[in-house]
Amino acid sequence: VTDGSSLEDAALAAREVNVTFNALRLEPQQVDYSVTILGPSKITAGVEAFFEVVVRGTGEEPQRVRVYLDGDLVSEKQLFGGDKIIRAFSESGYHVLRAELDASDHFGENNVFYKTIKVIPKPVIAYLGASDSPMLSLVHDLYQLAEGDLEGALETATAVIVNDQSSSSLSGSTQDLKTYLLAGNGLVVLGGRSSFEYGDYRGSV
């Protein structure tokens with residue numbers, strides 16, 4: 001309506017050409033509230049996920065909300081606005097979050113909200129790097145590490161993380177990594193004191 005201009009600029013433009021316009025103030029005739037759950041629909045097993053239960057409405061009075069996970073009550077409180085729920089699921093499969101709004105309002109249909117969550121197993125990756133590296137701790141929290149030597153690990157891993165390794169330490173694995181990448185798998189190379197220009201990468205492949 002304002003062609004991208006602010007309402008103030010539109011009002012000044014209308015005044016210059018002697019155009020009259022009117023504004024409407026809309027007041028709700030009924031009190032109504034709704035509840036929703038925001039958050040991911042797919043998460044990895046064992047990794048914390050953040051969800052938010054949100055109560056909105058024509059009024060601003062806090063309403064009692066009950067939240068259930070797979071039928072078990074996990075939260076009950078007075079709420080208007082948002083409230084975060086942090087959950088980690090240890091097993092893969094499907095789970096259901098349900099929020100119920102205990103409100104005497106106009107529409108009861110929006111007082112219940114369901115959210116289905118698919119929990120998938122941790123992806124399997126291969127790790128090449130020092131066993132005392134802080135990166136290994138982070139990787140272990142998010143992924144399942146393939147066992148055995150590199151050749152065996154590449155058969156099950158969907159990606160490889162190379163953490164601060166020199167070209168000489170990878171020389172025996174170069175061909176295996178080439179074949180692995182050409183098959184559509186992933187590779188992440190992290191730098192450090194033994195990699196890239198410090199690890200004689202130039203011309204090594």
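Strands here are DSSP runs of E at least two residues long, numbered from the N terminus. By that count L69 lies in strand β4, a good place to start a tour of this predicted model. The protein chain as a whole has five helices and twelve strands. Its radius of gyration is 28 Å, well over the 17 Å that the globule rule gives for 205 residues, so the chain is more spread out than a compact globule.

**The chain as a whole**

- Along its principal axes, the C-alpha trace spans about 80 × 55 × 30 Å.
- Buried residues make up 31% of the 205 in the protein chain.
- The accessible surface comes to about 13,800 Å², and carbon and sulfur atoms account for 50% of it.
- If you take the contacts between residues at least 6 apart in sequence, 61% of them join residues at least 24 apart.

**Helix α1**

- Helix α1 covers residues 7-16, and one of its ten residues is buried, so this helix lies largely in the open.
- After α1 comes N18, which has a positive phi, near 60 degrees.

**The β4-β5 hairpin and L69**

- Strand β4 (residues 63-69) and strand β5 (residues 72-79) run antiparallel and are joined by seven bridges.
- Within this pairing, R64 of the hairpin stands opposite Q78 in β5.
- Two residues separate β4 and β5 in the hairpin, and D70 in the turn has a positive phi of about 50 degrees.
- L69 has a relative accessibility of 13%; because buried means under 20%, L69 counts as buried.
- Setting aside neighbours within four places in sequence, L69 is in contact with V74, R87, F89, H95, V96 and L97.
- For a sense of scale, the C-alpha atoms of L69 and L181 are separated by 41 Å, and these two residues are 112 apart along the chain.

**The three-stranded sheet**

- Strands β1, β3 and β6 form an open sheet in the order β1-β3-β6, with antiparallel pairing.
- At the edges are β1 (33-38) and β6 (81-87), each of which pairs on one side only.
- From one strand to the next, the twist averages 15 degrees.
- Six bridges link β1 to strand β3 (residues 49-57) in the antiparallel sense.
- One residue to look for here is Y33, whose bridge partner in β3 is G57.
- As a general reminder, strands of a sheet pair through backbone hydrogen bonds, either parallel or antiparallel.

**Aromatic pairs**

- A search of the whole structure finds two aromatic pairs.
- Y33 and F80 form an edge-to-face pair, with 6.2 Å centre to centre and 90 degrees between the planes.
- Y33 lies in strand β1 and F80 in the loop between β5 and β6, so this pair ties together parts that are 47 residues apart in sequence.
- Y33 counts as buried at 4% relative accessibility, whereas F80 counts as partly exposed at 34%.
- F196 and Y201 form a tilted pair, at 5.2 Å centre to centre and with 45 degrees between the planes.
- F196 is partly exposed at 36% relative accessibility, and Y201 is partly exposed too, with a relative accessible area of 21%.

Note on methods: Residues numbered from 1 in each chain as written. Predicted model: local features only at pLDDT ≥ 70, side-chain atom pairs only at ≥ 80, totals over all residues. Heavy atoms only, no water. Pairing = 2+ DSSP bridges. Helix = DSSP H or I, 4+ residues; strand = E, 2+ residues; numbered from the N terminus. Axes fitted to C-alpha atoms, helices over the stretch in contact; angles between N-to-C directions. Rg over C-alpha atoms; globule rule 2.2 N^0.38 Å. Buried < 20%, exposed > 50% of the residue type's maximum accessible area, 1.4 Å probe, protein only. Contact = heavy atoms within 4.5 Å. Areas by Shrake-Rupley, 256 points an atom, 1.4 Å probe, with all protein chains shown as cover. Phe/Tyr/Trp six-rings, centres within 6.5 Å; stacked < 30°, edge-to-face > 60°.
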